[in-house]
Every structure is written in structure tokens, then in C-alpha cells.
Amino acid sequence: MSKWMSMLGGVLLCTIGAAAALQSPDLITGIETVKLHDGRNGTPTWFLPRVCMVPQKSGSLALMVLQTIVGSDYYGPVHWRESRDLGKSWSAPQLVPGLGREPYKDDIESAVSDVNLTYHARTNTVIGIGEIVYYRGGKYFPEQPPRYPVYVVRDANGKWSERRKLEWDDPRASAIFAAGSAQTVVLPNGDVIVPISFRAQERTDFSVTTLQYGYDGKALKLKHVGSTLVNTVKRGLLEPQLIKYGGRFLLTIRAEDNAGYVSSSADGLQWTPPQAWQWDDGTALTMSTTQQHWLTHSDGWYLVYTRKAEANANVMRWRAPLYLAQVNPKTLRLMRATERTVFPLIGDGLNDPTNVAHYGNFHVNEVNQHESWILSGEVIPSNFRGDLWMARVRWNKPNRLALR
């Protein structure tokens with residue numbers, strides 16, 4: 001058990017009924033945190049870690065992508081590394097071909113950020129989807145040229161493809177459409193549904209939808225576009241995350257009106273009006289423009305999130321601690337009694353908030369029947385340093401989703 005813990009003491013999916021979740025109010029036996037890299041002492045700060053499990057004849061391979069950070073939204077090239085012993089040891093980071101920086105025009109470079117990995121069983125490939133970002137003079141700048149998602153494919157032999165643009169030609173996305181950091185869903189027929197946020201040049205608020213792509217192991221081809229979800233407050237709706245559970249699809253969505261949102265769908269394309277995340281008693285959670293992600297088990301599912309609390313009142317966007325809580329499948333509210341801290345607030349969130357490490361850019365993945373992982377690269381705002389952390393979420397009964 002780590003020091004932190006001592007301190008704080010798709011076919012199968014359709015067969016799992018929501019009632020089972022209510023019968024198991026808490027499926028977690030414990031959360032063990034493990035430091036994967038020391039970045040607080042001047043070594044590179046690794047950021048945006050994302051993992052997917054790749055089946056092998058000798059057992060599952062954990063494949064990770066990650067990149068360094070040295071300033072606000074200023075990232076190094078995307079790297080990959082792997083573990084063959086369930087995360088106990090990792091290979092040295094290596095560059096992902098095609099996901100580095102390239103000249104754009106004049107003194108502007110294009111780069112790739114926020115890559116997430118999806119294993120595609122039918123073709124035995126891994127799809128890595130990220131998004132283009134532009135830098136000038138070694139910094140992010142607000143007047144960005146049009147931005148769009150890109151993807152690479154890793155084949156069964158470990159070879160990465162060239163970078164491709166994710167297809168969607170729609171005037172409503174003339175400024176940007178983004179799929180970075182997104183949890184996607186692979187359908188039984190091999191199609192991939194990708195949640196996106198987008199906006200036009202003349203707007204300041206983003207909207208959200210889902211795009212369904214056919215996939216042949218090499219290229220993603222657009223087939224269907226979902227309904228649109230809108231919120232006009234500030235930058236609107238951002239960074240949607242998708243799962244399929246109990247025969248329905250669910251989105252959790254970042255927003256800028258002190259709330260996060262959840263929406264459901266029968267087909268992954270037509271969405272219900274978003275409802276703000278609430279506790280089971282109807283009390284709203286106070287959130288601030290930060291991702292949430294889904295953590296799934298065959299007998300219930302969880303939201304992983306940040307929120308306002310007494311000790312973090314002055315931390316930017318309340319990005320520490322990182323929490324999780326189980327979702328009530330009937331009401332789509334969080335069961336407050338199941339809330340746990342994944343990564344705690346380290347430091348003084350009231351009087352010295354710029355030296356509190358943030359966990360807002362984290363990710364979640366299933367590993368096997370007995371555990372799932374949550375990974376986060378810390379960032380301390382005062383110096384942009386931070387450690388790389390993994391939390392092993394241990395289940396008290398086998399997670400049948402891992403048998404897919």
C-alpha cells in the first residue's frame with residue numbers, strides 16, 4: 001500500500017443489467033497509488049498518460065502514450081512505452097512516428113496533443129486519436145488556425161502508421177473540432193463511435209455530438225453524425241466521454257457554468273438533453289471546466305471527476321483532489337456514500353494554491369477482471385513540474401467486462 005493510501009486510509013456490455021449496479025453499492029476494495037516517474041525534482045514532467053490493454057499470446061500488453069509539458073498547453077512530441085507485467089515496470093519512452101511537430105507556416109509549428117488509445121479487437125490494431133495544436137515561438141497562442149483531430153494506427157506487429165486527419169467536413173466546425181482525450185466505443189460490427197466537441201469561427205461556445213466511423217484496420221470512414229448538444233455559457237460543452245453500458249450509451253461532458261453534464265442515448269447518436277451531475281439527494285456538484293471520465297465494472301459504473309470542496313476552494317478549477325463515485329443507473333446521479341479519493345490534495349489549497357498539484361488531465365482504463373487503472377500526470381502551476389501517478393482500483397468481484 002502506498003504512502004498516499006496510508007494517508008487517506010461490444011456484446012457483453014449489452015447483457016449486463018442496470019439492476020445489478022443497485023445490488024452492489026460499492027464494488028471497490030481499495031485504491032493503491034503508485035508513482036511511475038519523479039518529475040518534481042527537475043526531470044521531465046510527463047503529462048497526458050493514457051493506456052490501453054493489448055491482448056498477446058503471452059498475456060496482455062499495457063501500451064501507454066504520454067508527452068512532456070513545460071508550460072500552459074505547451075507539450076512535447078507524443079511518446080509510447082509498454083509494460084508486460086501489469087504496470088510493475090515500463091519500457092523507456094520512444095517517439096510515436098507522425099505525432100511530433102511539423103512546420104505549418106511562417107514561425108508557426110503544428111503539433112499533436114491529447115492522444116487516447118482504443119484497442120480494436122476485430123482488426124487487432126490500436127487506434128490513437130489526438131488533436132492538432134499550434135505553437136509560435138515555443139508557446140501556445142490564442143489565435144489558433146483551424147484545428148482538427150488526427151489519428152494513427154498501431155498494427156499487430158507494433159508498427160505505427162502515418163498521421164491522418166479524422167474526417168468530418170462541416171461548417172459548424174470551421175474553427176475547431178476536437179476528439180482529444182476522448183473515451184470511444186467500438187461496436188460489435190467493428191464501427192467506432194467518437195465523441196467530439198466543435199465550434200464555428202463566428203462562435204465562442206462549443207457544442208457536442210458523436211460521429212460513427214467504419215474502420216478496416218487502417219482508416220476511419222465517417223458513416224453517421226449524431227444529434228447536437230448545446231450550452232451557450234462561456235465556452236459551452238467540451239471534451240465529451242463515451243461509454244456503452246447496460247444496453248445504452250452515456251456521455252459525460254465538461255462545461256463552464258460550474259457544472260458537468262450527463263446525457264444518454266439508445267444508439268450512440270441521438271442524445272437526451274444533458275442533465276447536470278447531482279448527488280443521489282438531488283444536490284448539485286459544483287464543477288469547473290475539467291474533464292470527467294467513466295470507470296466501468298460489470299456490476300456497476302463510476303464517474304471519476306474533480307469538484308469544489310472545502311479544502312480546495314482556491315485551487316484553479318478545483319483540480320485536486322481527484323474523486324470517484326458510483327452512478328445510480330436509474331437516476332444517473334452519483335451515490336454520495338460511495339465517493340472515494342483517488343489522488344489527494346497535496347499542499348494548501350486555501351493559502352498556497354499555486355503549489356498544489358493538479359490532476360485534471362487524467363485517464364481511466366480496464367486492465368483485467370481484478371483491477372482497473374487511473375493515470376494522471378501532476379502539474380504544479382508555479383513551476384509546471386509534477387510526478388506521474390497510477391492508481392490501481394481493486395474490485396471485490398470479477399469484472400466481466402475484461403473478458404470482452
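**Entry 1: Gln67**

I started with Gln67, which counts as buried at 2% relative accessibility. The cut-off for that label is under 20%. I note here that I am working on a predicted model. Gln67 sits in strand E3, residues 61-71.

Next I asked which residues touch Gln67 once its neighbours within four places in sequence are left aside. I found Thr45, Trp46, Phe47 and Leu48 in contact with Gln67. Tyr75, Gly76, Pro77 and Val78 are on the list too. Val112, Ser113 and Asp114 complete the contacts of Gln67.

I also looked up one C-alpha distance. Gln67 and Pro44 are 23 residues apart along the chain, and their C-alpha atoms are separated by 9.5 Å.

**Entry 2: the sheet with E1**

I turned to an open sheet of four strands. I read its order as E1-E30-E29-E28, with antiparallel pairing. Which strands stand at the edges? They are strand E1 (28-37) and strand E28 (362-366). Each has a single partner strand, so one side of each is left without a neighbour in the sheet. I then checked the turn between neighbouring strands of this sheet: on average it is 20 degrees, direction ignored.

I went through the pairs in order.

- E1 and E30 are antiparallel and share eight bridges. Gly30 is placed opposite Arg394 in E30.
- E29 and E30 also run antiparallel, joined by seven bridges. Here Ile374 faces Ala391 in E30.
- E28 pairs with strand E29 (residues 371-377) over five bridges, in the antiparallel sense. Glu366 stands opposite Ser372 in E29.

I wanted to know how many residues of strand E30 are buried. The count is seven of the eight in residues 388-395, so E30 is largely enclosed by the rest of the structure.

**Entry 3: the sheet with E19**

I moved to another open sheet. Four strands form it in the order E19-E20-E21-E22, and I find the pairing antiparallel. Its edge strands are E19 (237-245) and E22 (275-276), and each of them pairs on one side only.

I looked closely at one pair. E19 and strand E20 (residues 248-255) run antiparallel and are joined by seven bridges. Lys244 has Phe249 in E20 as its bridge partner.

**Entry 4: the largest cavity**

I looked up the largest cavity and got a volume of about 40 Å³. What lines the largest cavity? I list Arg254, Ala255, Ala259 and Gly260 among the lining residues. Met287, Ser288, Thr289, Thr290 and Gln292 belong to the lining as well, and so does Thr306. I sorted the lining by class: six residues are polar, three are nonpolar and one is charged.

**Entry 5: Thr306**

I picked Thr306 from the cavity lining for a separate check. Where is Thr306 found? It is in the loop between strand E24 (300-305) and strand E25 (322-328). Is Thr306 buried or exposed? I have Thr306 at 3% relative accessibility, so it counts as buried; the cut-off is again under 20%.

I then listed the contacts of Thr306, leaving aside its neighbours within four places in sequence. Met287 and Thr290 are in contact with Thr306, and both also line the largest cavity. The other contacts of Thr306 are Arg317, Trp318, Arg319, Pro321 and Leu322.

How values were computed. Residues numbered from 1 in each chain as written. Predicted model: local features only at pLDDT ≥ 70, side-chain atom pairs only at ≥ 80, totals over all residues. Heavy atoms only, no water. 1 Å grid on protein atoms, 1.4 Å probe; cavity = no way out; pocket = protein on both sides within 12 Å on 5 of 7 lines; lining within 4 Å. Points joined across faces, edges and corners; volume = space filled by probe spheres on them. Nonpolar A, V, L, I, M, F, W, Y, C, P; charged D, E, K, R; others polar. Helix = DSSP H or I, 4+ residues; strand = E, 2+ residues; numbered from the N terminus. Buried < 20%, exposed > 50% of the residue type's maximum accessible area, 1.4 Å probe, protein only. Contact = heavy atoms within 4.5 Å. Pairing = 2+ DSSP bridges. Axes fitted to C-alpha atoms, helices over the stretch in contact; angles between N-to-C directions.
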